[in-house]
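Trainee: I have a new model open and would like to talk it through with you. Shall we start with the overall picture?

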Amino acid sequence: MSKGGERRRQSSPAYGSADSGTTLMGVMGARRSRHSARAPAALWLLAAVLLLLVAHAAPQKYGKPDPCYRECVSGETMVCKYDFHEEIYNALNAACGRCADGEFGDCFLEACVQVDGVERTVYSINRMLPGPAIHVCVGDTVIVDLHVLLPGHADTLHWHGLHQRDTPYMDGVSMVTQCPVLSGDIFRYQFVVDAPGTYFYHPHNGK
Ligand SMILES: [Cu+2]
C-alpha cells in the first residue's frame with residue numbers, strides 16, 4: 001500500500017481501489033492456474049482457494065515482521081527483503097491447540113492454519129495461509145527468497161498483476177518465464193514495484 005505522492009495514513013484501505021499503494025497478498029495451498037501442471041489429487045483436494053483479504057493485514061505473524069510496512073512518502077524508497085518457506089503443512093495441526101474442539105481462541109495461535117475447518121494438507125508459506133502480506137511503497141525493491149520445501153514437487157511464485165517490465169524473468173510462471181524451483185532449492189525474486197494497488201501472488205506448480 002504505498003502512497004506515492006502525498007502522505008496518507010497506512011490504514012487507508014488500498015484494497016480494490018485506485019489508490020497509490022501496493023499490497024501483495026499470498027494465496028497459497030490452493031488453486032493453481034490453468035497453465036500449471038496437475039497436482040496429485042490429494043493436494044487438489046487439500047488445498048482450498050483462499051482469496052484476498054484484508055487491505056491492511058498485520059505484518060507477517062510468523063517469521064520476521066514486514067520490514068517495509070510504513071507510511072509511504074514520495075521519493076523515499078526501500079529495499080524490502082522477505083524469506084518465504086513454502087512447505088507442505090497440515091491444517092488444524094497441533095499448532096491449533098483445541099481449535100477443532102471449539103476453543104475459538106486457539107484458532108488464532110501462531111502457525112495455526114485453519115483453512116475451512118477441515119483437517120487437510122496444504123501448501124503454506126511461513127506456515128501461514130494465505131501467505132504473508134507484503135506491504136511496500138511504489139518504487140520499493142521487493143526481494144523474496146523462495147525456499148521450496150515440497151518433496152517431490154517444484155514450484156514458483158507468480159506475482160499476479162505486476163507488469164515486470166524490466167524484469168520479465170521474475171514473473172514466476174513455471175515453464176514460461178522460468179523453470180520451476182526444485183524442492184530444496186532457493187530462488188530469489190527481485191523486482192521494483194512500479195504501480196500502486198492490491199495484488200496477489202500464488203504458486204505455479206511444476207514438476
Ligand atoms: Cu499466475
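Mentor: Happy to! First, a term we will need: a residue is buried if 20 or more other C-beta atoms lie within 10 Å of its own. Keep in mind that this is a predicted model.

Trainee: What share of the residues of the protein count as buried?
Mentor: That neighbour count is applied to each residue, with 20 or more as the cut-off. The protein has 207 residues. The share that counts as buried is 40%.

Trainee: How many helices and strands are there in the protein?
Mentor: Reading along the sequence, you meet a strand, then the helix, and then a run of strands, in the pattern β-α-β-β-β-β-β-β-β-β-β. The totals are one helix and ten strands.

Trainee: Which strands are at the edges of the open sheet?
Mentor: The sheet has four strands with mixed pairing, in the order β3-β2-β5-β9. β2, residues 79–90, pairs with β3 in the antiparallel sense over five bridges, and there Glu86 stands opposite Ile125. An edge strand pairs on one side only, which here holds for β3 (121–125) and β9 (186–192).

Trainee: Which residues is Tyr189 in contact with, leaving aside its neighbours within four places in sequence?
Mentor: Tyr189 belongs to the largest nonpolar core, which has 37 residues, and is among the six that touch the most other members. β9 is one of the strands that supply at least two residues of this core. Beyond its sequence neighbours, the contacts of Tyr189 are Val144, Leu146, Leu157, Met170 and Gly172.

Technical notes:
Residues are numbered from 1 along each chain as its sequence is written. This is a predicted model: local features need pLDDT of at least 70, side-chain atom pairs count only at pLDDT 80 or more; totals for chains, interfaces and linings use all residues. Two strands pair if DSSP finds at least two bridges between them. A residue is buried if 20 or more other C-beta atoms lie within 10 Å of its own, exposed if 12 or fewer, and partly exposed in between; C-beta atoms are placed from the backbone. A nonpolar core is a set of buried Ala, Val, Leu, Ile, Met, Phe, Trp, Tyr and Cys residues joined through C-beta atoms within 7 Å. Two residues are in contact if their C-beta atoms, placed from the backbone, lie within 7 Å.
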